[in-house]
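I opened this one to see how the two chains fit together and where the nonpolar residues gather. My notes follow.

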Amino acid sequence: MNLGNMSFDNGVLHLTNWLGNVIMPTLAAAFIIIAILQFSKGKEFAHSMYGALACLMVSGLTRAFETFASQAAWNNPDLYWISLVTLINWFANVILPVYAASQVAAMALRLGVFSLVHPTSGWLRHFVTAALCLMVSGLLRLAEFFVTQGTGGVT
Amino acid sequence: MGTPQLLNDVISVLLLLAPSAAMLSLVLAGVSLRREGTLTFAIGGGFTKWMFWAVVFLTLQPLLSWFTSFGVAVPLPSGGITTSWLANFQSDVSQFVSNFVVRHLVPTLAAYFLLRAVLDAASGQHPLPSILAAMFLLGTQTTYSLLQSYNTGTQYATVDVLDSLWNHLVGTIMPIAAVLALVGAILNFATRKPFLRLVAVSLAMLTVSAIWKLLTSMM
């Protein structure tokens with residue numbers, strides 16, 4: 001055994017690569033199986049389903065996080081805050097609109113399959129969720145407006 | 001009156017054994033990395049203590065130059081060890097550390113840590129600390145060479161090595177650890193455990209230098 005060629009850095013790097021490229025795709029299959037079994041029992045299966053997708057996207061998510069963390073110079077004191085803001089912006093402006101589309105599709109399915117136009121049938125919840133997903137910024141501004149209005153205190 | 005030769009030889013032996021002591025400190029640091037039992041290392045804990053001593057032993061001679069700046073002369077003996085049995089003692093201890101401990105004992109210890117990782121997983125604990133400890137032990141020689149390359153040989157050598165080690169930790173190890181944190185976040189999400197903390201940690205690991213600048217700008 002040639003210990004002179006073994007370094008801790010290489011070990012951790014290859015462990016991470018092995019986890020991301022070998023183990024996580026394998027676990028993705030396991031999570032899909034779990035999602036199917038939970039679906040069959042009528043239980044919540046979204047975590048396993050999205051978890052499986054995320055397991056297949058470790059490299060992509062890593063690149064995304066690297067991009068979030070390199071929005072300013074390495075010695076910029078605000079870099080951590082900027083990276084958090086970029087992550088939240090990405091989630092609100094990229095992921096949530098896609099989620100809104102899926103909610104609209106779910107609403108259409110509810111209406112089409114169950115044909116029950118009633119506020120308690122679930123389609124309204126999907127519709128409101130889709131609308132809320134598309135107006136995160138507006139909701140934030142609304143909350144800010146309320147808080148700003150209240151800075152004078154109770155008179 | 002000059003310094004007795006035997007005393008000079010003893011000083012030479014101790015100075016020449018400093019690298020071996022540094023190597024042993026690194027091995028003990030690796031063992032402490034697992035014994036502390038968490039994914040993080042405690043400041044002031046066994047790992048940091050032994051790493052610190054490894055750096056001190058490695059930079060012992062430059063560190064002694066501080067005494068000269070205080071006005072205390074430190075005449076370090078030169079010309080090797082003239083007393084034969086002391087020379088043999090130094091050679092034997094160095095050989096023991098490099099051949100017995102580092103080349104043979106350390107890989108065996110690392111193998112035991114791997115076994116420990118499997119048993120940790122079986123008992124519901126996290127296997128990563130044992131795996132990291134095994135990796136650290138297997139990389140002892142390379143870590144020693146890395147520390148040596150950071151030795152500036154000046155009176156600030158000890159601090160320089162610690163400083164460079166921090167840069168290495170932040171610039172090389174932390175970005176890799178960020179991916180491990182991301183993997184942990186995904187697994188926690190899929191198994192319905194809290195995951196946002198790991199997302200924030202992953203970003204923090206990618207921006208440690210900036211957080212340091214933030215801290216210093218707050219002072």
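**Starting at one isoleucine**

I looked up B:Ile186 and skipped its neighbours within four places in sequence; what remains in contact with it is A:Gly51, A:Ala54, A:Cys55 and A:Val58. Note to self: this is a predicted model.

**Cores**

Next I checked which core B:Ile186 sits in. B:Ile186 and B:Leu182 are the residues with the most contacts inside the largest nonpolar core, which has 34 residues. I then asked which helices supply at least two residues each to this core. From chain A they are H1 (8–40), H2 (46–56), H3 (58–68) and H4 (79–114), and from chain B they are H7 (157–190), H8 (196–206) and H9 (208–218). H7(B) gives the largest share of this core, twelve residues.

There is also a second core, separate from that one, with 33 residues. Among its members I noted A:Phe8, B:Ile131, B:Leu137 and B:Ala157.

**Chain A on its own**

I pulled chain A out for a look at its overall form. I counted six helices and zero strands, so to speak a plain α-α-α-α-α-α when read along the sequence. Its radius of gyration is 22 Å, whereas a compact globule of 155 residues would come in near 15 Å. Along the principal axes, the C-alpha trace of chain A spans about 70 × 50 × 25 Å. Of the 155 residues of chain A, 17% count as buried. I also looked at contacts in chain A with a separation of 6 or more: 40% of them join residues 24 or more positions apart.

**Where the chains touch**

How many residues of each chain are in contact with the other? I get 34 from chain B and 37 from chain A. On the chain B side, H4 (84–122), H5 (128–138), H6 (140–150), H7, H8 and H9 each put in at least two residues. H7(B) has the largest share of that side as well, with eleven residues. Sorted by class, the side of chain B that touches chain A has 22 nonpolar, nine polar and three charged residues.

**One helix pair**

Last, I picked a helix pair across the two chains. H1(A) packs with H5(B) at an angle of about 145 degrees, and their axes are 8 Å apart. H1(A) makes this contact through A:Phe8, A:Gly11, A:Val12 and A:Leu15, and H5(B) through B:Ile131, B:Met135, B:Phe136 and B:Leu138. By class, I have seven nonpolar residues, one polar and no charged in the contact of H1(A) with H5(B). Two names here, A:Phe8 and B:Ile131, I had already written down for the second core.

Methods
Residues numbered from 1 in each chain as written. Chains lettered and ligands numbered in written order. Predicted model: local features only at pLDDT ≥ 70, side-chain atom pairs only at ≥ 80, totals over all residues. Core = buried A, V, L, I, M, F, W, Y, C linked by C-beta atoms within 7 Å. Buried ≥ 20, exposed ≤ 12 C-beta atoms within 10 Å, placed from the backbone. Helix = DSSP H or I, 4+ residues; strand = E, 2+ residues; numbered from the N terminus. Contact = placed C-beta atoms within 7 Å. Rg over C-alpha atoms; globule rule 2.2 N^0.38 Å. Nonpolar A, V, L, I, M, F, W, Y, C, P; charged D, E, K, R; others polar. Axes fitted to C-alpha atoms, helices over the stretch in contact; angles between N-to-C directions.
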